[in-house]
Amino acid sequence: MLIGYMHYRKSPAGLNRAYAFAAVAKAEGAELLYFSPGAVDFEKGIINGHKYDGGEWISTVSRYPDVIYNATGFSGNKQLKTAKALRQKIPFTSFSVGSKMTVYRNLMKYKKYSDYLILSEKVSSAEDFFAFLQRYPKVVLKPSWGRQGIDIYYVKKEGSEFKILSGAAEARHDTNSMADFILDKIKHDEYIVQPYLNCRTKSGAPYDLRLHVQKSHNGEWVTPIIYPRISSNGSIVCNIAQGGYTGEFTSFLKNEFGERYYDIHKYIEMFSLQFAAHMDEIQRELYGEELNELGIDIGLDKDQKIFIYEVNWRPGHPPSINVDLNVITNTVRYAMYLADKNSEVI
């Protein structure tokens with residue numbers, strides 16, 4: 001079986017994750033073909049890609065793979081056109097769930113998990129934002145397509161001023177400059193606003209939990225890792241890239257919740273799998289696609305009830321050799337399952 005690893009970079013040299021995928025694919029009885037969209041020759045029906053052999057990447061002319069792991073997003077008309085054309089011929093492993101607002105609207109429409117959602121509204125004007133802030137004294141403003149905690153703002157009105165926190169930085173605005181700030185943001189990107197929910201450790205540090213779920217060899221959902229992300233610099237954002245740090249899930253629960261840790265652990269694990277299956281059902285019904293991986297960011301309220309911050313379709317994870325290999329193994333096994341499933345249909 002030939003698994004395609006499609007990436008925007010022309011060469012896999014220096015891309016450690018591609019090497020790991022090649023090694024895992026070989027251990028699972030498959031072969032990996034690395035290629036970029038520009039390496040595809042549709043006229044000849046071949047791909048000028050790379051295979052890992054004898055300790056190095058070798059340039060090779062290959063047939064089309066049986067399945068493609070689309071490792072990254074693509075930009076530019078040519079790359080997007082190539083990806084779309086390949087998708088018509090070969091099963092892809094990964095599909096986008098859309099923006100944060102799209103996910104929110106879809107989950108509200110299907111209702112099953114609507115009680116777990118934080119109220120989210122699109123900001124179309126400064127007036128929209130001010131009206132929301134009148135209803136909720138502390139809010140979070142974030143880009144609907146954002147990643148890694150970038151451009152997330154905590155806003156609170158204090159007297160006639162507006163206090164804004166972004167990372168560890170603080171700024172203050174009057175009404176006019178706050179309106180200008182909002183207009184500048186929404187001019188370039190879609191932004192949403194949510195009430196700020198106070199999810200903190202016993203020591204007062206903001207935290208959230210990342211639930212990383214995947215499909216594996218039989219197409220069923222598994223949870224390779226759950227971990228807390230804790231803010232360390234006064235920021236409300238718990239993302240690692242924005243100064244947060246991670247902990248071990250069970251130890252974190254024991255420290256925060258004592259004897260209740262086991263029940264909370266099982267509750268969150270079960271939620272991760274059931275919620276992933278529900279997202280998969282929505283994706284199939286609305287778009288005719290199947291999901292293979294999600295990063296679900298959640299908090300816990302004072303009664304330890306889950307609320308959902310956001311859902312990502314191509315989640316990262318903290319650096320760990322064991323975790324990365326588990327994630328890659330699940331991805332390879334799901335790709336092989338998908339290829340087998342597609343060959344049966346053909």
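This passage describes aromatic contacts and one sheet in a predicted model. Because the model is predicted, local features need pLDDT of at least 70 and side-chain atom pairs count only at pLDDT 80 or more, while totals for chains, interfaces and linings use all residues. Residues are numbered from 1 along each chain as its sequence is written, and side-chain values use heavy atoms, with hydrogens and water left out.

The structure contains 21 aromatic pairs, where rings of Phe, Tyr and Trp (its six-membered ring) pair if their centres lie within 6.5 Å, with planes under 30 degrees apart counted as stacked, over 60 as edge-to-face and the rest as tilted. Tyr-153 and Phe-181 form an edge-to-face pair, with 5.1 Å from centre to centre and 90 degrees between the planes. Tyr-153 belongs to strand β9 (residues 153–158) and Phe-181 to helix α5 (residues 175–188), so this pair ties together parts that lie 28 residues apart in sequence; helices (H or I, at least four residues) and strands (E, at least two) are DSSP runs, numbered from the N terminus. Both Tyr-153 and Phe-181 are buried, whereas Asp-184, which also lies in helix α5, is partly exposed at 37% relative accessibility (buried means under 20% relative accessible area, exposed over 50%, partly exposed in between, with a 1.4 Å probe and protein chains only).

An open sheet of six strands follows the order β7-β12-β8-β9-β10-β11 with antiparallel pairing, two strands being paired if DSSP finds at least two bridges between them. Strands β7 (121–122) and β11 (169–173) stand at the edges with a single partner strand each, so one side of each has no neighbour in the sheet.
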